[in-house]
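Student: Please give me a close look at one open space in this model, and at the helices that form its walls. I would like the description to start at the lining and work outwards.

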Amino acid sequence: MRRREDDVVARAPSPHFDVDAAYHEHGRSIYGFARSSVDDQALAEECVQDVFVRAWRARDSYDPDRSTQRTWLFAIARNVVIDALRARARRAEPVDDVPEPATTRQSDTSRLVDRIDLQAALAQISPEHREVIIAVQVDGLTYHQLSERSGVSVGTLRSRMYYGLRSVREIMEAEEQR
């Protein structure tokens, strides 16, 4: 049987997105993001796989002029993680006592989505800015303590904090508008 060209769908890979290279470059950080978001190793691995499957399927929509590959992949990862958490929340779990009211569950979900959004935004900024934000805001270090530890001046650390937080805010606002 002869095949006609019209019958065979031949798709050339996108010149802008190479899934193998993207996985090698960003797979570990996306796994770390998923692992900390879902708190389950197996589910995090499934999320990473789903991120790259979705990215491969949507490779023609990737536009390097609009965002970096990392930003594009983390936007996909954010959606995959939220989908996974919502699916996990829908599954019936055996309980010994009366379930919590739905309003409490919704507020917990909202906080978790906010946390995921924040982690995704932090993953998209430079390591220098992220390090200062995490050290000061999360770990509770002072600028002086961080300066002694890192050898970077306090003024530079304050500047990195300002610009890092500004970038995180812009990323989260852009994501909110989508």
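Tutor: A helix here is a DSSP run of H or I at least four residues long, with numbering from the N terminus. The model is predicted, and every value below is computed from it. The protein has 7 helices and 0 strands, in the order α-α-α-α-α-α-α along the sequence. Of its 178 residues, 32% count as buried.

The part to look at is the second largest pocket, with a volume of about 230 Å³. Which helices supply at least two residues each to its lining? They are α4 (102–124), α5 (127–138) and α7 (154–177). The lining comprises 13 residues, and those nearest the centre of the pocket are Leu118, Gln119, Leu122, Ile134 and Val138. By their numbers, Leu118, Gln119 and Leu122 fall within α4, while Ile134 and Val138 fall within α5. By class, the 13 residues of the lining split into 8 nonpolar, 2 polar and 3 charged.

Take α5 next. Buried residues in this helix are Arg130, Val132, Ile133, Ala135 and Val136. Buried means a relative accessible area under 20%, so Arg130 is below that cut-off despite being one of the residue types that count as charged. Beyond α5 comes Gly140, which has a positive phi near 80°.

The third helix of the lining, α7, has contacts of its own. Tyr162 and Tyr163 lie within its range, 154–177. How many aromatic pairs does the structure hold? The count is 4, and Tyr162 with Tyr163 is one of them. The centres of these two rings are 4.9 Å apart and the planes meet at 85°. Planes over 60 degrees apart count as edge-to-face, which is why this pair is given that name. Tyr163 is partly exposed, at 38% relative accessibility.

Further along α7, Glu170 and Arg166 form a salt bridge, with 4.0 Å between the closest N and O atoms. Why are the two separated by about one helical turn? They are 4 residues apart in α7, and therefore about one turn of the helix lies between them. Both partners are partly exposed: Glu170 has a relative accessible area of 46%, and Arg166 is at 35%.

Two of the helices in the pocket lining, α4 and α7, also border a closed space. Searching the whole structure turns up 1 cavity of 30 Å³ or more, and the largest cavity has a volume of about 60 Å³. Its lining takes at least two residues each from α3 (69–90), α4 and α7. The largest contribution comes from α4, with 4 residues. Among the residues that line this cavity are Phe74, Ala75 and Arg78, whose numbers fall in α3. Others include Asp117, Ala120, Ala121 and Gln124, in the range of α4, and Ile171, Met172 and Glu175, in the range of α7. The cavity lining has 6 nonpolar, 1 polar and 3 charged residues.

From α3 there is a link to α2. Asp83, which lies in the range of α3, is joined with Asp50 and Arg54 in a network of salt bridges. Within that network, Arg54 and Asp50 have their closest N and O atoms 3.4 Å apart. These two residues are 4 apart in α2 (residues 41–57), so about one helical turn separates them. Arg54 is partly exposed at 30% relative accessibility, and Asp50 is partly exposed at 28%.

Two contacts in other places complete the account. In total the structure holds 5 salt bridges, one of which joins Arg35 to Asp39 with closest N and O atoms 4.0 Å apart. Is each partner of this bridge exposed or partly exposed? Arg35 is partly exposed at 31%, whereas Asp39 is exposed at 64%. The other contact involves a charge and a ring: the charged end of Arg59 sits over the ring of Trp56, at 4.3 Å from the ring centre.

Terms used
Residues numbered from 1 in each chain as written. Predicted model: local features only at pLDDT ≥ 70, side-chain atom pairs only at ≥ 80, totals over all residues. Heavy atoms only, no water. 1 Å grid on protein atoms, 1.4 Å probe; cavity = no way out; pocket = protein on both sides within 12 Å on 5 of 7 lines; lining within 4 Å. Points joined across faces, edges and corners; volume = space filled by probe spheres on them. Phe/Tyr/Trp six-rings, centres within 6.5 Å; stacked < 30°, edge-to-face > 60°. Buried < 20%, exposed > 50% of the residue type's maximum accessible area, 1.4 Å probe, protein only. Lys NZ or Arg CZ within 6 Å of the ring centre and 35° of its normal. Salt bridge = Lys/Arg side-chain N within 4 Å of Asp/Glu carboxyl O.
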